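Trainee: Let us go through this model by question and answer. Please end each answer on the value or name I ask for.

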Amino acid sequence: MTAKLTSSAIEDEEIRSFMKGCRDDCEAEAHDRLASRGLAGQIAACIPEPVADADLKKIRSASASFLAYANAFTWDLHNILDNKVVVRIEMSTQNLSLQDVVMSAGGTALPGETATFLISGFYDGYPSVRVTTRIKAIYACELK
């Protein structure tokens, strides 16, 4: 994606479009890996459950910090859980009125893999956003 972002005339919407395309490609690859293991149907039918607080902390520790850029939120989540596929995250922040806001992003992080979770409607121009934003919950499906 870096080669596409070198133009000095690039707009935020183009950046978010590149991010979405990259995320979609990675999601397709993750789905193919699930299908090759015979797990795609199981994950598609599962109702995700929040991971335990201890596991949430372990995942956050094993993952890079999230990034807010071009009004998009991205987090490269490294799934350290042996028997669960992470399929959704929730993050909380504040809006311009200092009200709490919760946003979520879907994705597919297989055990031992890293996946990027993207929220493209994330306003990052307010200084407190960088202070108040936190990962609130991680949802996963158990592999059987």
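Trainee: Which residues is Ile89 in contact with, leaving aside its neighbours within four places in sequence?

Mentor: This is a predicted model, where local features need pLDDT of at least 70, side-chain atom pairs count only at pLDDT 80 or more, and totals for chains, interfaces and linings use all residues. Residues are numbered from 1 along each chain as its sequence is written, and side-chain values use heavy atoms, with hydrogens and water left out. Contact means heavy atoms within 4.5 Å. On that basis the partners of Ile89 are Phe73, Trp75, Leu77, Met103, Ser104, Ala105, Phe117, Ala137 and Ile138.

Trainee: How many residues does the largest nonpolar core have?

Mentor: A nonpolar core is a set of buried Ala, Val, Leu, Ile, Met, Phe, Trp, Tyr and Cys residues joined through side-chain atoms within 4.5 Å. Buried means under 20% relative accessible area, exposed over 50%, and partly exposed in between (1.4 Å probe, protein chains only). Ile89 is among the residues with the most contacts inside the largest core, as are Phe73, Trp75, Leu77, Val86, Phe117 and Ile138. The number of residues in that core is 20.

Trainee: Which elements give two or more residues to this core?

Mentor: Helices (H or I, at least four residues) and strands (E, at least two) are DSSP runs, numbered from the N terminus. One helix is on the list, H3 (53-62). The strands are E3 (72-78), E4 (84-94), E5 (100-109), E6 (114-119) and E7 (134-142).

Trainee: What is the geometry of the aromatic pair?

Mentor: The structure holds one such pair. Rings of Phe, Tyr and Trp (its six-membered ring) pair if their centres lie within 6.5 Å; planes under 30 degrees apart count as stacked, over 60 as edge-to-face and the rest as tilted. Phe66 and Phe73 have ring centres 5.1 Å apart and planes at 35°, so the geometry is tilted.

Trainee: Is Phe73 buried or exposed?

Mentor: Its partner Phe66 has 27% relative accessibility and counts as partly exposed. Phe73 has 0%, so the class for Phe73 is buried.

Trainee: What distance separates the end C-alpha atoms of helix H1?

Mentor: H1 covers residues 12-36, which is 25 residues. The expected span is 1.5 Å times one less than the number of residues. That gives 36 Å, and the model agrees, with its end C-alpha atoms apart by 36 Å.

Trainee: Which residues in H1 are buried?

Mentor: Not every H1 residue is buried: Glu14 is partly exposed, with a relative accessible area of 36%. The buried ones pack against helix H2 (40-45), strand E2 (67-69), E3, E4, E5 and E6. They are Ile15, Arg16, Met19, Ala30 and Leu34.

Trainee: Which ring does the charged end of Arg88 sit over?

Mentor: A charge sits over a ring if NZ of Lys or CZ of Arg is within 6 Å of the ring centre and within 35 degrees of the ring normal. For Arg88 the distance to the centre is 3.9 Å. The ring belongs to Tyr139.

Trainee: Which element has the lowest mean pLDDT?

Mentor: pLDDT is the predictor's confidence in each residue, from 0 to 100. The chain averages 85, and 89% of the residues score at least 70. Strand E1 (residues 49-50) has the highest mean among the elements, 98. The lowest, 68, belongs to residues 127-132, helix H4.
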